[in-house]
Amino acid sequence: MSEALSSLIGPLPERPHPRKPRPGPLVWAVVCYTLACPLLLSFFGTSAALGAVGVATALAWFAGFALLYRHPGVAHWQPFFVTYAEVLWCVCGVVAAAILIGGEHDRLPLVGLVFCMLHAGLKLPARRVAQLVLLTLALYAGLLLAAARTDLLFAWPVNLALAALMVAAWLVAREFAGRRRVDRRRTRALREELALTERLALTDPLTGLPNRRHLETFVAHQLAVAQRAGGGAPVQLSLCYCDLDHFKRVNDRFGHAGGDSLLRRFATEARACVRSVDLVARLGGEEFVLVLLDTSGAGARDVVERLRRRTARIPVSAADPGYHVTLSVGVASLRPKDTFESLLRRADERVYTAKSGGRNRVVAA
């Protein structure tokens, strides 16, 4: 399937340079909430120094984000590692703001930890969020010890409420993670259905060969490549129109099952006669087309002569081992300003010439 699609669209473009991650909306929600706490408390006259603390915290916070997102290797980091860094940085800011504010309002910024966990839940599995919850609580206790805030460290009702809040945030994050898993499964199923639909749209169901739609797109792409290479027809390409002789007799004598078996065997023989860069397609009925890249008319004639001889040796039915079919082929080579229709028409005319001349032959220009 991938080979069929790549032959349709040509070489894939180079993969673009990885895009650097940017802070999400919940990151900025944490930043704005935590900075707003000291500024609002300062505005209402709780402490004149809180305004300066808020400005200093803002400068330090944005400097930290600038260092994180401007790091030259951040685009190559694993997404979960970037999210870890974001959440831990926000957690540090929230806890630091709570310690700096002090007084009766020192626990107000801690509500921002919920935003941190929600942000983690949008991007990380539930077990990763649980790890962050434990890291946050450990970091909170460590910073309180470092700041000698034992009054906050042993305020059990507040700390239990904080732990309950963090657990609630983890439960919400787990719900987010579950929904992401469901979405991934649905996306995977949709991709599989799309791949199957594309395969059915481009493939003949009986022989497994590309169908006429695939053939037209493939030849149009090769002609576009030829034109970009210098105008006209600077590259060699040959189209071989193959028609099994008296195929109706096979259906009449051995039934449609025998005819279908012959078509599948011929498709196998045709694929064995060409290279991987070439294309073998079924137009319909007993008509097939070979597109040979970088091949002149003489080279194409050698290929289809080999296929004609191999076709004559295909056993049509085990009940009648002596019955064989023959092949008539018309070969058209690429000319300046050719189109798929003009190439196919010339090859078809030569098939008609081959049949008029007695069948079981190759006619090339």
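This report describes the sheet, selected helices and nonpolar cores of a predicted model.

## The sheet

Five strands make up an open sheet of mixed pairing, and their order is β2-β3-β1-β4-β5. Its edges are formed by β2 (279–284) and β5 (362–364), each of which pairs on one side only. On average, and with direction ignored, neighbouring strands of this sheet are turned by 20 degrees against each other. As background, the strands of a sheet pair through backbone hydrogen bonds, and the pairing is either parallel or antiparallel.

Both senses of pairing can be located here. Strands β1 and β3 run antiparallel and are joined by seven bridges; within this pair, Tyr241 has Val289 of β3 as its bridge partner. Strands β1 and β4 also run antiparallel, again with seven bridges, and Cys242 stands opposite Val329 of β4. By contrast, β4 (residues 327–333) and β5 pair in the parallel sense over three bridges. Val329 takes part here too, with Val362 of β5 as its bridge partner.

## Strand β1

How many residues of β1 are buried? The count is eight of eight, and the strand is mostly covered. The covering applies to both faces. On one side lie the buried residues Leu237, Leu239, Tyr241 and Asp243, while Ser238, Cys240, Cys242 and Leu244 are buried on the other.

## Helices across the sheet

Helix α10 (residues 247–273) lies across four strands, namely β1 (237–244), β2, β3 (287–293) and β4. The helix runs at about 155 degrees to β1.

Helix α11 (residues 297–311) lies across β1, β3, β4 and β5, and runs at about 165 degrees to β4. Its length can be checked by a short calculation: at 1.5 Å a residue, its 15 residues should span 21 Å, and the end C-alpha atoms are 21 Å apart, so the two values agree. The buried residues of α11 are Ala300, Val303, Val304, Glu305, Leu307, Arg308 and Thr311. These buried residues pack against β1, α10, β3, β4 and β5.

## Helix α5

A similar calculation may be made for helix α5 (residues 112–123). At 1.5 Å a residue, its twelve residues should span 16 Å; the end C-alpha atoms are 18 Å apart, which agrees.

Why is α5 described as largely enclosed by the rest of the structure? Nine of its twelve residues are buried, and therefore the description applies. Here, a buried residue is one with under 20% relative accessible area. The buried residues of α5 are Gly112, Leu113, Val114, Cys116, Met117, Leu118, His119, Ala120 and Gly121.

## Nonpolar cores

The largest nonpolar core contains 29 residues, and those with the most contacts inside it are Leu244, Phe266 and Leu290. Two or more residues are given to this core by each of β1, α10, β3, α11 and β4. Which element gives the most? Helix α10 does, with eight residues.

Leu290 illustrates how separate parts of the chain meet. Leaving aside neighbours within four places in sequence, Leu290 is in contact with Ser238, Leu239, Cys240, Cys242, Val274, Leu279, Val280, Val304 and Leu307. Among these contacts, Val304 and Leu307 are also buried residues of α11, and Ser238, Leu239, Cys240 and Cys242 are buried residues of β1.

A second, separate core has 22 residues. Its members include Cys90, Val114, Leu162 and Met166. Of these, Val114 is one of the buried residues of α5.

Definitions and conventions
Residues are numbered from 1 along each chain as its sequence is written. This is a predicted model: local features need pLDDT of at least 70, side-chain atom pairs count only at pLDDT 80 or more; totals for chains, interfaces and linings use all residues. Side-chain values use heavy atoms; hydrogens and water are left out. Two strands pair if DSSP finds at least two bridges between them. Axes are lines fitted to C-alpha atoms, for helices over the stretch in contact, and angles run from 0 to 180 degrees between N-to-C directions. Contact means heavy atoms within 4.5 Å. Buried means under 20% relative accessible area, exposed over 50%, partly exposed in between (1.4 Å probe, protein chains only). The expected span of a helix is 1.5 Å times one less than its number of residues. A nonpolar core is a set of buried Ala, Val, Leu, Ile, Met, Phe, Trp, Tyr and Cys residues joined through side-chain atoms within 4.5 Å.
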